[in-house]
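This report walks through one protein chain and its metal site. Look at the model first, then read on.

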Amino acid sequence: MLIAHLSDFHLFTERSETGEARGDIARVLEALVADIAALAPCPDIVAISGDLADGGTPADYARLTALLAPLSMPILAVPGNHDRRGAMREGLGSRLTGLVPGPFLNARVALPGVTLLGLDTVVPGAPHGALCAERLNWLEGELASSKGTTVIVMHHPPVQTGHPHWDTFSLIEGRERFAELLAGRSVRILCGHIHQPFHTDWGAHHVGVAGSPAFEYHLTPGSIEAPCPQPVPFSYPLHHWGPQGVSVYRRHLRA
Ligand SMILES: [Fe+2]
């Protein structure tokens with residue numbers, strides 16, 4: 001099993017909502033998609049943990065659909081705070097695998113030995129994440145029938161890092177109940193949002209945060225300085241199920 005984890009494209013066609021996404025992000029995404037399409041062995045699935053767009057217009061998702069077209073494997077994606085649920089479902093939904101009907105963009109994909117659950121943590125108009133009772137109830141039901149290793153894909157990291165900016169904008173509402181639902185399990189949680197590659201343990205769980213091809217920070221452990229985009233080389237993680245467990249490889253992109 002091989003999972004390519006991507007996040008935070010911040011693709012925009014007219015105006016960058018954050019004002020920080022690099023202007024040639026479409027070209028970078030082309031190179032990123034070409035890199036994944038050429039991998040051998042091919043990833044079994046691509047998991048995208050939100051902020052696919054930077055404002056979420058219908059034109060953004062039409063462009064993303066075209067950019068992702070060379071990928072032949074399933075794609076599971078959840079929204080981030082710079083996406084728009086309606087436009088994302090309408091414009092990109094047909095290309096996504098396992099999207100669940102309803103008001104949220106949750107998803108479920110079962111592969112041999114692995115169940116991936118996409119969890120929509122968006123609060124419209126707010127930077128932080130939340131899990132309401134409806135989303136938590138959905139997760140509880142899915143966990144009960146999840147086979148093999150459970151991989152949860154969500155935009156907002158559920159962990160507190162000690163950095164005041166990140167911690168203010170992480171998963172805030174519903175975090176305790178989320179932790180309770182995962183008690184007694186060991187799951188892999190794939191997130192984005194903080195725009196810096198970051199891996200940590202959260203109890204018995206592994207939390208892997210993918211960076212962003214649009215703009216990244218370069219904070220050092222213990223720093224409390226305000227994040228400022230830095231010109232750092234971009235790489236993305238490949239989660240590989242080997243004979244002794246799961247390893248995370250980093251794949252650098254020259255773009
Ligand atoms: Fe983002």
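## The iron site and its surroundings

Asp8 counts as buried, at 0% relative accessibility. This is a predicted model. Asp8 sits in the loop between S1 and H1. Its phi is positive, about 55°, although Asp8 is not a glycine. His10 lies in the loop between S1 and H1 too. His10 also has a positive phi of about 55° and is not a glycine. Most residues other than glycine have a negative phi.

Which residues coordinate the iron ion? The donors are Asp8 (OD), His10 (NE2), Asp51 (OD) and His195 (NE2), at 2.1 to 2.2 Å. Along the chain they follow the spacing D-x1-H-x40-D-x143-H. Asp51 belongs to the loop between S2 and H2, and His195 to the loop between strand S9 (188–191) and strand S10 (198–202), so this pair ties together parts that are 144 residues apart in sequence. The site is irregular, with angles of 89 to 177° among its four donor atoms. An angle of 177° falls outside the range of 85 to 135 degrees that tetrahedral sites need.

Are the donor residues buried or exposed? The table gives the relative accessible area of each. Buried means under 20%, so each row qualifies.

| Residue | Relative accessible area | Class |
|---|---|---|
| Asp8 | 0% | buried |
| His10 | 1% | buried |
| Asp51 | 1% | buried |
| His195 | 3% | buried |

## Asn81

Asn81 touches one of the iron donors. Leaving aside neighbours within four places in sequence, its contacts are Glu17, Asp51, Val122, Ala126, Pro127, His155, His156 and His193. Asp51 from that list coordinates the iron ion. Asn81 is placed in the loop between strand S3 (75–78) and helix H3 (85–92). Its relative accessible area is 13%, so Asn81 is buried. Which side chains make polar contacts with the side chain of Asn81? One is that of His155, at 3.0 Å. Another is that of His193, at 3.2 Å.

## Helix H1 and its cover

Helix H1 covers residues 25–37, 13 residues in total. From its first C-alpha to its last it reaches 18 Å, close to the 18 Å expected at 1.5 Å a residue. Its buried residues are Ile25, Ala26, Val28, Leu29, Leu32, Val33, Asp35 and Ile36. What covers them? The cover includes strand S1 (2–6), strand S2 (45–49), helix H2 (58–68), strand S12 (235–242) and strand S13 (245–252).

Asp35 is part of helix H1. At 15% relative accessibility, Asp35 counts as buried, because the limit is 20%. Not counting residues up to four places away in sequence, Asp35 touches Tyr236, Arg251 and Leu253.

Pro41 lies in the loop between H1 and S2. A cis peptide bond joins Ala40 and Pro41, with omega at about 5°. Most peptide bonds are trans.

## Phe234

Phe234 is in the loop between strand S11 (205–209) and S12. At 11% relative accessibility, Phe234 counts as buried. Beyond its neighbours within four places in sequence, Phe234 is in contact with Leu32, Gly211, Ser212, Pro213, Glu216, Arg251, His252 and Leu253. Leu32 in that list is one of the buried residues of H1. Arg251 and Leu253 are also touched by Asp35. How far apart are Phe234 and Asp24? They are 210 residues apart in sequence and 14 Å apart in space, C-alpha to C-alpha.

## The chain as a whole

The protein chain holds six helices and 13 strands. Of its 255 residues, 55% count as buried. The C-alpha atoms fill a box of roughly 45 × 40 × 35 Å along the principal axes. The radius of gyration is 17 Å, which agrees with the value near 18 Å for a compact globule with 255 residues.

Contacts with a separation of 6 or more can be split by sequence distance. Residues 24 or more positions apart account for 66% of them. The iron donors Asp51 and His195 give one example of parts brought together across the sequence, 144 residues apart.

Conventions
Residues are numbered from 1 along each chain as its sequence is written. This is a predicted model: local features need pLDDT of at least 70, side-chain atom pairs count only at pLDDT 80 or more; totals for chains, interfaces and linings use all residues. Side-chain values use heavy atoms; hydrogens and water are left out. Helices (H or I, at least four residues) and strands (E, at least two) are DSSP runs, numbered from the N terminus. Buried means under 20% relative accessible area, exposed over 50%, partly exposed in between (1.4 Å probe, protein chains only). A polar contact is a pair of N or O atoms within 3.5 Å; within protein, one must be able to donate a hydrogen and the other to accept it, and residues adjacent in sequence count only if both atoms are side-chain atoms. Contact means heavy atoms within 4.5 Å. The expected span of a helix is 1.5 Å times one less than its number of residues. Donors are N, O and S atoms within 2.8 Å of the metal (3.2 Å for Na, K and Ca); water is not among the atoms, so sites may look incomplete. Four donors count as tetrahedral if all angles lie between 85 and 135 degrees; four count as square planar and six as octahedral if opposite donors are over 155 degrees apart and all others between 65 and 115; anything else is irregular. The radius of gyration is taken over C-alpha atoms; the globule rule is 2.2 Å times the number of residues to the power 0.38.
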